[in-house]
Each structure stands twice: as C-alpha cells, then as structure tokens.
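Student: I would like to go through this model with you. May I begin with a single residue and then move to the whole chain?
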Amino acid sequence: MAVLTLLLCLLPLAPASSPPQPATSSPCPRRCRCQTQSLPLSVLCPGAGLLFVPPSLDRRAAELRLADNFIAAVRRRDLANMTGLLHLSLSRNTIRHVAAGAFADLRALRALHLDGNRLTSLGEGQLRGLVNLRHLILSNNQLAALAAGALDDCAETLEDLDLSYNNLEQLPWEALGRLGNVNTLGLDHNLLASVPAGAFSRLHKLARLDMTSNRLTTIPPDPLFSRLPLLARPRGSPASALVLAFGGNPLHCNCELVWLRRLAREDDLEACASPPALGGRYFWAVGEEEFVCEPPVVTHRSPPLAVPAGRPAALRCRAVGDPEPRVRWVSPQGRLLGNSSRARAFPNGTLELLVTEPGDGGIFTCIAANAAGEATAAVELTVGPPPPPQLANSTSCDPPRDGDPDALTPPSAASASAKVADTVAPTDRGVQVTEHGATAALVQWPDQRPVPGIRMYQIQYNSSADDILVYRMIPADSHSFLLTDLASGRTYDLCVLAVYEDSATGLTATRPVGCARFSTEPALRPCAAPHAPFLGGTMIIALGGVIVASVLVFIFVLLLRYKVHGGQPPGKAKAAAPVSSVCSQTNGALGPVPSAPAPEPAAPRAHTVVQLDCEPWGPSHEPAGP
C-alpha cells in the first residue's frame, strides 16, 4: 500500500509525452529554391550549374524546373516515385540520353520540356508512362529518328507537339495521325521532303500546322484543309480557323498545287522555286492558269527480248513529264504487276522477272501516269525452252585460243552445245551474230533490197547490266559490222534497223531488220605475275651476293700480295732490306765488287756504270773510290 501511495505521488512529476510531429520534408538541394510551406510544392533550380539531377529532391513536388544547366542524361532513378509531379522542365541542358522508363512514375505529368538539348533519337520506351501528358516540347534538338511507338502512351491526351528545329527526314505519319486531340503541331525547320496524302485527315482539332523551312516541293490535298478556312496568320482569325504555314520550301508550282492556290488566305511569304518560268515568283501572285502539268512521254523501253525458261528477264521503261510520272506494268493476261515472289517492280520503271516460265511470254504494257495524263508502251517477251546443261569453264591459266582471248571464234560443231546456254536464238533469223569473243562480235544481216531508198542501217544494242542504249550508224552498202567495244561475260540485246525515206510522206522512217540476243565470252584471267614483294626480295639477295663476292675477291688479292713479299707487307720489306740489282763495269772489269772500307776522299774520276745483271747489292756493297 505504501508503494502504491509513492507511485501516485511521483506520477505528476513525470514529464508529459510530446505530441507527434509531422514528417519533415527532404532538404532543398544546394543552389536551388524550394517552396514547401504551401501547396503545391515546387523545386526551382534554373541556371544552378547542375551536372545531374539532384538526388535529394522532394518527391512530393508538383513542379520541378532544371533548365539552363549541364545535365547530360536522365536516369531511371532520377525521377522515381514523383507521382505528383505536374510540370517538368529540362530545357537547355546537354541531355544526350534518356533511359527507358525514366518518366514511368510521372503518371500525373502534364507538361514536359526537353527543348534545347542534344537528343538524336526518341525510342518507344523513353516516354513510357506519360498517360496524362498534354504538352511535349522537343524543339532545338538533333533528332533524326522518331520511333513509331514513341507517342503511344500520350496519343489520346497530347495537345501540343513541337518537333521544330531538328534533323527529321521522315516521320511516323501513321502515329501522328492518331493524335486526335492535338491543337498545335510544329514541324518547321526540318528536312522533310514529302508528306503523304491524308496524313492530317484525322486531326480534327488541329488549329496550327507549321511546316516552314523544310524540303517540300508539293503539299498534297488533305480533307482537313478543304473543311476549314485557311488563314496564314492567327491574328484576327476565328476560333475554328486552321493556321497553315509552309513558307521557305522549294515549292514546285504545277497543277498539283492549284487546290492550295484557290483557297482564301491572307498575305504570306511563300514563293515558287520551280519550274524555271515561275521560279522566284510570289506564290499568291501566280495565276491559276499558270499552274500547269505536262503529260508523260515514254522515252525509252526495252527492245523485244528472248530468254530461255528459268532465266531472269528485265523489262525497262522510262518516261518524262511534270510531275514525274509513275510507271506501272500490266502482264499479257491483263494483271497489274507488282512486287511478288516472282517479280519486282522498281521506282525507276524496271520490271524484273526473277524466274521466267513458258507462260510468261507475250506483250507487256508499260503505263506511265501523272496528274496530266498517261502514256503506254509495249514490250515483247519471248520465253524459249530451257537451255541444256553447260560444262564448267577451263582453268584460268589455260592458253587462249590462237594466242588472243578476244579473237573472234566461229562456232564449231564441237562447241555448239556449250554455246547454246550462252547465246539465245535470235528473235529474227535475218540478224545473226556469227562470231563473238570476249570483247567483240560480228553482226550480219541480209540485203534489204525490197525496201526502197535505204540511206543507212542503225544498230542498237545494250547490255543487261546497264540501261544505256548504244547506237551505230552503218552505210547502206554494208551487211555486217564488227562490234569491238563490248564487255566480257555479259548478255547483249541487239537490233538492226533500216533507215529509209518514206515515199508517201517524204520523211525519214525506220524499219526493223531483226533482233538478236548474244553473250560475250568471259575473259580468261592471265596467270598471276610475280608479286612485288617477291621481286624486291630477289633484288636484295642479288645485290647482297655481289657485295659478298667483291669482298672475297678483295681479300684474295691482299693474301696473294702478302705471300709474294715473303709474309711481310710490301712497305716494310722495302724499308728493312733494300736490294739493288746493279752491276758496274769499270776499266773493262766485269763482276761483283767486294766490300771494302771507305777510302780517303779523292778527286772524282770519270767512269761508266752499266746495269747488266740482278745481283744483290746490300748497303755494304758500295762502289769503291777511283
């Protein structure tokens, strides 16, 4: 009981527990200003010299401004858990890389500013999670590629998209067509060369479209343009008006732009760049009657072709017009041909049949069409039986026939079967290629006496490897011609035409004599000459051998001279014991003179000394005085 009384007395003396404190916010990053006293919270760090996104950001912030810094990348963890962020500005940094999913937690974000950075591409995962984004500013970057799915998460909410001042040559037009709520679309100052028809037809809320300073030569008509009045400037325009800007483009003012010329617009600075007659003129000052087109004209087509079954065939058709005509092909059965497993159609007007079949023969029709009309041309294709098997070629170092690989060789019975695979039978037996080598062929044709007034013959030929048609004019009295400018190992199509004067019209006309298809023989590869390193090594070895031989000869001469002089060098032998081979004859006496001591000096006497023999004469054998 006493203990309980003591506890009750001490209880008032115990300190009262403090009430719970609210959670403290994260500290404000250095050199930044933070507004945390009232909602919404904001972190302002413009021009703070930051090299990366500060890690100590308040994750409850609704506004984050990091413009005018030196941030080079946005990492996945930099903006994690900032679910309440509404406005993010990263303008004018040095951002080159944005990690995939870097904005995945920013589901409440309304505006994202990434302008003035160094982004070169935008992938599909870099903007993932921005499901409420309304304003996306990507101008003044180095964007050259925009992925088709980059805007998928914000396609339904995006209202403002700015892609100006980039390096975009192509755009995902199908993805842009799904931006149903976009009001402003900035595509100016890029490298766009064309816009597909109907690219903006589903952008019903579009109020401003800027395509200034691109490479557009024409603007296709679009249902959006025909529904809304077009005004060049937004000032004073009604709320439903569409502001379209397309100045600074090299517009080609032909009939394809008449629709744009007919629309009511305020003054703008658009000008024509072509055709030459309208170049530099103010677009809105050119009359509608001057926006004209030229119908297409077929300028070149393939001559009649003959190929064996199973071989490829290339049909060519070229046409000119304004605008540039589009070439299509129709099969002999009336079907429109395109890319398939057996055929390929190229934009330049070439139709390639990869594998021909006997049923492919007939008349193919080339149709060239543009806005002013169309032109047609027929190309005949003959598909013959498949060729027999061909023997393999000889080795590369076999000697050429008759010593000349380009020598003309008439087909013999032994080689006829091998040449069937290389030379297809001519379409007209009147023209024959009787002899052909690697770079030359002899063409022969019969006399055309039934055709009156022949002035000359014309030979037209080209290789299957190029589209250049070569012409040769032959005198009227010739019936053969030697072609010497051919390439080895190629197939040629050749036709001979007779040029004559038409008596009915008095004009010059042509009549085909016949056509042929032949192949030149492959050039024999000569045996390889010695390589330069081999020649250099041989020269070095030969020069070294000459030097060694010279040294040996010099040593041998020294040894020989050494032995001749008794094992002593020649200079020392002469200095040690000089020997004279002189004999003297005095007063008729002949013989060696014995040595004697030198006599007293006396007057000299005349005497004669004659060299007779080679007796040794040392220093002690001096002649005596007279």
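Student: In which loop does arginine 92 lie?
Tutor: This is a predicted model. In it, arginine 92 is found in the loop between strand S5 (87-89) and strand S6 (97-98). Its phi is positive, about 55 degrees, although arginine 92 is not a glycine.
Student: And is arginine 92 buried or exposed?
Tutor: Arginine 92 is partly exposed, having a relative accessible area of 44%.
Student: What about histidine 189: what is its phi?
Tutor: Histidine 189 has a phi near 55 degrees, a positive value in a residue other than glycine. The residue sits in the loop between strand S12 (184-186) and strand S13 (208-210). Histidine 189 is partly exposed, at a relative accessible area of 29%.
Student: Changing topic, which residues does the cis peptide bond before proline 275 join?
Tutor: That cis bond runs from serine 274 to proline 275, with omega near 0 degrees. Proline 275 belongs to the loop between strand S17 (272-274) and strand S18 (294-301).
Student: And where is proline 323?
Tutor: Proline 323 is in the loop between strand S21 (317-322) and strand S22 (326-330). A cis peptide bond, with omega about 0 degrees, connects aspartate 322 to proline 323.
Student: Now the whole chain: how many helices and strands are there?
Tutor: The protein has seven helices and 36 strands. Of its 626 residues, 36% count as buried.
Student: How much area does the protein expose?
Tutor: The protein exposes about 35800 Å², and carbon and sulfur atoms supply 59% of that area.

Methods:
Residues are numbered from 1 along each chain as its sequence is written. This is a predicted model: local features need pLDDT of at least 70, side-chain atom pairs count only at pLDDT 80 or more; totals for chains, interfaces and linings use all residues. Side-chain values use heavy atoms; hydrogens and water are left out. Helices (H or I, at least four residues) and strands (E, at least two) are DSSP runs, numbered from the N terminus. Buried means under 20% relative accessible area, exposed over 50%, partly exposed in between (1.4 Å probe, protein chains only). Accessible areas come from the Shrake-Rupley method with a 1.4 Å probe; for residues, only the protein chains shown count as cover.
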